[in-house]
Amino acid sequence: EVYFKNLSKQKQKEVMEKNGNNHKLRVCVATCNRADYSKLAPIMFGIKAEPQFFELDVVVLGSHLIDDYGNTYRMIEQDDFDIHTRLHTIVRGEDEAAMVESVGLALVKLPDVLNRLKPDIMIVHGDRFDALALATSAALMNIRILHIEGGEVSGTIDDSIRHAITKLAHYHVCCTRSAEQHLIAMCEDHDRILLAGCPSYDKLLSAKNKDYMSIIRMWLGEDVKTRDYIVALQHPVTTDIKHSIKMFELTLDALISFNKRTLVLFPNVDAGSKEMVRVMRKKGIEHHPNFRAVKHVPFDQFIQLVAHAGCMIGNSSCGVREVGAFGTPVINLGTRQTGRETGENVLHVRDADTQDKILHALQLQFGKQYPCSKIYGDGNAVPRILKFLKSIDLKEPLQKKFCFPPVKDNISQDIDHILETQSALAVDLGGTNLRVAIVSMKGEIVKKYTQLNPKTYEDRLALILKMCVEAASEAVNVNCRILGVGISTGGRVNPREGIVLHSTKLIQEWSSVDLRTPISDALHLPVWVDNDGNCAALAERKFGHGKGVENFVTLITGTGIGGGIVHQHELIHGSSFCAAELGHIVVSLDGPECLCGSQGCIEAYASGIALQREAKKLHDDDLLLVEGMSMKEEEIVSAAHLIQAAKLGNTKAESILRTAGTALGLGVVNILHTVNPSLVILSGVLANHYVNAVKDVINRQALSSVKTVDVVVSNLADPALLGAASLVLDYTTRRIY
């Protein structure tokens, strides 16, 4: 202990030398009401008692100067303090607007006062709106702020104001260990936080043994005994004024029914106080024989009154803080003090919505005696605060620093991770299935949903919306941020308007359909729509062989034949959105009929439907099955059976596939001679069966200048979904990065 005392003296000596040996710390204490003066007065007495270290300036404002609230500035004068400035800052009205106007009026008046006083430090207490004006003015005028009672938790708007003052203040004096931890959690510098206890406890803990009976008789009558009266102090709750007035009315009804002598103090100047006073007068409290209604009681006398009361009731912080020092029973009503640390003497009635609840609480608490609580102080706060003030180095930078806790590196802040988690909803409308997937920026299909494609427009659109909503909800769980919706569909599409103009025969009731509007309205996301062949080309451009290639063509070989053309890195749609209908390039004037109504199209030779047609013909003539093949009676003949038969040596199946490959190869030669791409990508389930045939036709039929073209098979597992996703990802990321 001696070591730390000597260390403290040495530090104070060093600070005095830094600040200049003759410089006294000029401290401005601003007090706004009777409650904060009870906390500030002990500090003011301590500062006044050490004139060799401090100069004290006292500024009085707020309800101190209002007659309706007792003109409490007089008790400051009675304590022999010189009031340097009186500021009338309260705009009457006792409603929310009046509180705001009062803050504004204080902000207008305070700069002149602070310019004149030029304090080194301003001491601000608590969580009142007047205190917020004081802290704001001092912070903006580069005056250091010492905040008393920061870090505490309670209800109403006071919490927000208290924490706002904390962020403006440079130094903090707190009353409890929890408050200290809250300040540290709010990133305040631990070296600038003092756990001192509540200054009012310095007076409380030495006051109980003084003569109190004369004080009790003066305020409550000659016939009143100790522990046989009640002190009531209730303020409006500014965030729920109507409910707090109703609660006050119920409290008065309960006190009238309880029939004990009661000292009722008028509420503070907050919004709603005028209505509470009106309730008191309506119930005749000021003239009721059991009640004494007063605007103000000096703090010394108030201590004696609550110390010897049978009970205190209301929602004042005094009830949960100071009264605990005497073990007096307290009934805390409502939410105004929610979160405050309390002793066992406090009974909370959070939802005081009936008179009976409050009356029952009075019956439980009245006349009890609880152990004294020292949660908020041990009686030595002021010496600690004065020592703390002496340690302040005025040559330190004024700009306060926040001590943010170490934060673990968050990979989501890295640009690569952002690109990975940015995702698209991809929709693929096929002839058989309807699929929706969450696709990441890197082309990973994170989640996929598959349903049979309904036959009617209404059912199909409803199912798309349902699946998209489900996928969008799931995206949150898999850490994906959906940028938009991309839709791949068969048929001719106007991508500018998001409308399917004409559909293939495989998808019924799917012409002149606006897909963008209903899906965008439902999901609140942008929507892109394009033909499935174009989407396959986009998938290759972003994720596949076409990445970085300026000119290439993609051919889809599946149920039908489609594709997309990329020229100078851009997809070609054509003047009527009919470009790249590659399946309908005619390669024979008298070939088989195509689903489009024409004859000799590539699709009529090389599509899955065309191969299935030829396989059925062979099967009907008993020419399909060869040794090593078998089919069940109910099994439907498909293109797969034709391919299997060709592999097992069926010459007719081989001939059909050869013809299909030649037709596709001739179509590719026409494409080469028309747009001259450097790359042809074959995609779809039949691509591997056609690639060699296509290369052979190019070598035989193409001009020598285009024979060097690369023909490759796509390595993408799901080009339709990936292409739909790339509609979103290419556009949105181009806009963002």
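Before we look at any part of this chain, let me fix one word: a residue is called buried if its relative accessible area is under 20%, exposed if that area is over 50%, and partly exposed in between, with a 1.4 Å probe and protein chains only. I will also speak of helices and strands, which are DSSP runs numbered from the N terminus, a helix being H or I with at least four residues and a strand being E with at least two.

What you see above is a predicted model, in which local features need pLDDT of at least 70 and side-chain atom pairs count only at pLDDT 80 or more, while totals for chains, interfaces and linings use all residues. Residues are numbered from 1 along each chain as its sequence is written, and side-chain values use heavy atoms, with hydrogens and water left out.

Let me use that first word straight away on helix 15, residues 381–390, where 7 of the 10 residues are buried. Those buried residues are Ala381, Val382, Ile385, Leu386, Phe388, Leu389 and Lys390. It helps to remember that an α-helix has 3.6 residues a turn, so residues three or four places apart point the same way.

Now for the overall layout. The domain assignment, which is an automatic or database one, gives domain 1 as 21–198 + 382–391, domain 2 as 209–365, domain 3 as 413–544 and domain 4 as 545–715. Taken over C-alpha atoms, the centres of domain 1 and domain 4 are separated by 85 Å.

Let us turn to strand 4, residues 121–125, of which 5 of 5 residues are buried. In a regular strand the side chains alternate between the two faces of the sheet. In strand 4 both faces are covered, with Ile121, Ile123 and His125 buried on one side and Met122 and Val124 buried on the other. Two strands are said to pair if DSSP finds at least two bridges between them, and strand 4 is joined to strand 1, residues 25–31, by 3 bridges in a parallel arrangement, with Val29 having Ile123 as its bridge partner. Strand 4 also pairs in the parallel sense with strand 5, residues 144–148, over 5 bridges, and here Val124 has His147 as its partner. Together with helix 5, residues 129–140, strands 4 and 5 make a right-handed β-α-β unit, where right-handed says that, with the strands pointing away from the viewer, the path from the first strand over the helix to the second runs clockwise.

Which strands pair with strand 11, residues 311–314? Strand 8, residues 229–233, is joined to strand 11 by 4 bridges and runs parallel to it, and strand 12, residues 330–333, is joined to strand 11 by 3 bridges, again in parallel. Ile313 of strand 11 is the bridge partner of Ala232, and Ile313 also stands opposite Ile331 in strand 12. Both faces of strand 11 are covered, since Cys311 and Ile313 on one side and Met312 and Gly314 on the other are all buried.

Ile313 brings us to the nonpolar cores, each a set of buried Ala, Val, Leu, Ile, Met, Phe, Trp, Tyr and Cys residues joined through side-chain atoms within 4.5 Å. The largest has 61 residues, and Ile313 and Leu362 touch the most other members. Helix 10, residues 241–258, gives the largest share of this core, 9 residues. Why does this core lie between domain 1 and domain 2? The reason is that both domain 1 (21–198 + 382–391) and domain 2 (209–365) give residues to this core. Apart from it lies another core of 43 residues, among them Ile565, Ala606, Leu618 and Ile698.

A few single residues deserve a closer look, and for these, contact means heavy atoms within 4.5 Å. Gln365 sits in helix 14, residues 355–365, and is buried, with a relative accessible area of 2%. Leaving aside neighbours within four places in sequence, the contacts of Gln365 include Cys311, Ile331 and Tyr370.

Finally, UniProt lists Asp532 under "active site", in an unreviewed entry; UniProt positions are given in the numbering used here, feature names are shortened, and annotations may be inferred rather than shown by experiment. Is Asp532 buried or partly exposed? Asp532 counts as partly exposed, at 28% relative accessibility. Asp532 is found in helix 19, residues 532–543, and, leaving aside neighbours within four places in sequence, is in contact with Ser488, Thr489, Gly490 and Ile556.
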